[in-house]
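Open the model in your viewer and keep a selection box handy. We will go from stop to stop, and at each one I will say what to pick and what you will find there.

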Amino acid sequence: MRRNRRILEIVMLAALCTALTGCAKFSMVPKEETGVPGPSVSVPEESGVPELSESVSEDAGAEFTPELPINSAQDDPPDASAEKPEEAMLIDPTGMTLETRVLTPEGYTRTVAEDESLAQFLRSYPMKEDGAPVLLYDGSEKGNQSAHVAVFDLRIENQDLQQCADSVMRVYAEYFRHTGQYERIAFHFTNGFLAEYSKWRDGQRIKVDGNTVSWVASSGYDDSYECFQDYMKMVFSYAGTLSMDSEATPIGPEEIRAGDVFLHGGSPGHVVLVVDVCENDAGNKAFLLAQGYMPAQQFHLLKNPAHENDPWYYVNELTDPLHTPEYTFSMDSLKRLEY
């Protein structure tokens with residue numbers, strides 16, 4: 001009996017030791033550090049655009065990964081801790097134009113816009129329904145749907161042509177056509193050739209032979225929208241951020257107005273358009289930015305990474321570089337287009 005009890009005590013003691021040892025078997029494995037993923041970017045397919053020697057639009061059909069301009073610092077985006085009105089107060093989902101969709105922050109009013117001005121044209125431009133995704137030229141959804149606040153109902157062709165600079169040129173061309181300023185619809189190709197819509201409308205067509213471009217007689221007068229579209233496709237094929245940069249002049253942030261751009265000319269480069277401006281009683285300005293991108297996609301209103309719930313960019317908060325959701329610009333890239 002005593003021997004059996006001794007054996008039982010030994011067995012119980014062994015079991016207790018095993019349990020205690022087992023509980024202590026864990027290891028402090030350091031958490032692997034991972035980089036924060038950047039916004040996803042879809043890779044465009046070949047667009048089949050004819051080449052103009054080395055001067056074809058650098059945006060058309062190129063594979064693209066967003067990069068910082070050489071003169072921009074890769075630092076962190078501005079702190080979003082500054083208090084601003086909640087998005088619920090700034091975004092009206094029932095609004096179907098830029099002006100009615102995006103309200104001004106408290107204490108700010110939109111700057112004065114003359115009738116038939118570009119600012120008024122942009123403010124009254126139709127928007128897609130609230131929550132609409134950004135679509136690519138082929139009707140599929142863009143990979144990154146986290147960069148935009150709203151989508152403009154701006155026409156886009158079913159080819160990989162209307163990318164970043166092309167979208168800005170399309171806005172200007174549509175505005176000039178809408179207001180009857182046909183002579184102002186003219187854009188330089190990357191080799192310096194000036195493509196004038198008035199000549200195209202009158203029946204001339206553009207002939208590209210290597211790096212030589214010329215006008216040739218083709219057909220009669222045609223002011224239809226279809227003819228205008230064909231002209232824009234030609235411009236999209238042979239113009240881009242490099243040629244746009246030659247048509248722009250640097251300005252200061254205090255001068256900013258609708259129609260100005262943050263522009264980095266390159267192969268590829270990028271450009272975003274200032275589509276609206278507001279101001280408070282102290283003279284502080286804020287502005288909205290919109291873009292097209294690569295591959296060709298719908299023109300859309302950008303968020304401000306510094307303010308999660310507020311799409312306005314405030315001039316008195318600007319830092320160098322300027323961070324937008326999918327690109328970073330140096331402040332000397334703020335320019336005014338000479339169209």
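Start by selecting Tyr 175 and Phe 176, which are both buried. Keep in mind throughout that this is a predicted model. Show the two rings: Tyr 175 and Phe 176 make a tilted aromatic pair, with 5.4 Å from centre to centre and 45° between the planes. It is one of 21 aromatic pairs in the structure.

Now widen the selection to Phe 121, Tyr 125, Phe 152, Tyr 172, Tyr 175, Phe 176, Phe 187, Phe 299 and Tyr 339. Together these residues form one aromatic cluster.

**Zooming out**

Return to the whole chain and colour by secondary structure: there are eight helices and 15 strands. Switch to colouring by accessibility, and 48% of the 339 residues count as buried. With the surface on, the chain exposes about 17200 Å², and carbon and sulfur atoms supply 50% of that area. If you draw a contact map, look away from the diagonal: among contacts with a separation of 6 or more, 65% join residues 24 or more positions apart.

**The nonpolar cores**

In soluble globular proteins, nonpolar side chains tend to be buried together. Here, the largest nonpolar core has 63 residues. To find its best-connected members, select Phe 152, Phe 187, Ile 206, Tyr 231, Met 244, Val 275 and Leu 301, the residues with the most contacts inside this core. Which helix gives the most to this core? Select residues 164-178: that is helix α5, and it contributes nine residues.

A second core of 16 residues is separate from the one above. To locate it, pick Val 272, Tyr 327, Met 331 and Leu 334, which are among its members.

**Helix α7 and Tyr 231**

Next, select residues 225-238, helix α7. You can check its geometry with a distance tool: at 1.5 Å a residue, its 14 residues should span 20 Å, and the end C-alpha atoms are 20 Å apart, so the two agree.

Is α7 mostly covered or mostly open? It is mostly covered, with 10 of its 14 residues buried. These are Cys 227, Phe 228, Gln 229, Tyr 231, Met 232, Met 234, Val 235, Phe 236, Ser 237 and Tyr 238. Show the neighbours too: the buried residues of α7 pack against α5, β3 (186-188), β4 (194-196), α6 (197-201) and β5 (204-209).

Centre on Tyr 231 for a closer look. Leaving out residues up to four places away in sequence, Tyr 231 touches Ile 185, Ala 186, Phe 187, Ala 195, Glu 196, Tyr 197 and Trp 200.

**Salt bridges under cover**

The structure holds 10 salt bridges. Begin with Arg 110 and Asp 276, whose closest N and O atoms are 2.5 Å apart. This pair links distant parts of the chain: Arg 110 is in strand β1 (residues 108-110) and Asp 276 in strand β9 (residues 270-280), 166 residues apart. Arg 110 has 16% relative accessibility, so it counts as buried. Asp 276 is also buried, at 1% relative accessible area. Add Arg 123 to the selection, and you have a network of salt bridges linking Arg 110, Arg 123 and Asp 276.

Then move to Arg 170. Its side chain meets that of Glu 157 in a salt bridge of 2.6 Å, N to O. Glu 157 sits in the loop between β2 (148-151) and α5, while Arg 170 is in helix α5, so the pair ties together parts 13 residues apart in sequence. Arg 170 also forms a salt bridge with Glu 174, at 3.1 Å from N to O. Because Glu 174 and Arg 170 are four residues apart in helix α5, about one helical turn separates them. How accessible is Arg 170? Its relative accessible area is 0%, so Arg 170 is buried. Glu 174 is buried as well, at 11%, and Glu 157 is another buried residue.

**Last stop: Lys 142**

Finish in the loop between α4 (118-123) and β2, where you will find Lys 142. Lys 142 is buried, with a relative accessible area of 5%. Now add Met 294 and draw a line between the two C-alpha atoms: they are separated by 9.6 Å, although these positions lie 152 residues apart along the chain in terms of numbering.

Technical notes
Residues are numbered from 1 along each chain as its sequence is written. This is a predicted model: local features need pLDDT of at least 70, side-chain atom pairs count only at pLDDT 80 or more; totals for chains, interfaces and linings use all residues. Side-chain values use heavy atoms; hydrogens and water are left out. A nonpolar core is a set of buried Ala, Val, Leu, Ile, Met, Phe, Trp, Tyr and Cys residues joined through side-chain atoms within 4.5 Å. Buried means under 20% relative accessible area, exposed over 50%, partly exposed in between (1.4 Å probe, protein chains only). Helices (H or I, at least four residues) and strands (E, at least two) are DSSP runs, numbered from the N terminus. Contact means heavy atoms within 4.5 Å. A salt bridge is a side-chain nitrogen of Lys or Arg within 4 Å of a carboxyl oxygen of Asp or Glu. The expected span of a helix is 1.5 Å times one less than its number of residues. Accessible areas come from the Shrake-Rupley method with a 1.4 Å probe; for residues, only the protein chains shown count as cover. Rings of Phe, Tyr and Trp (its six-membered ring) pair if their centres lie within 6.5 Å; planes under 30 degrees apart count as stacked, over 60 as edge-to-face and the rest as tilted.
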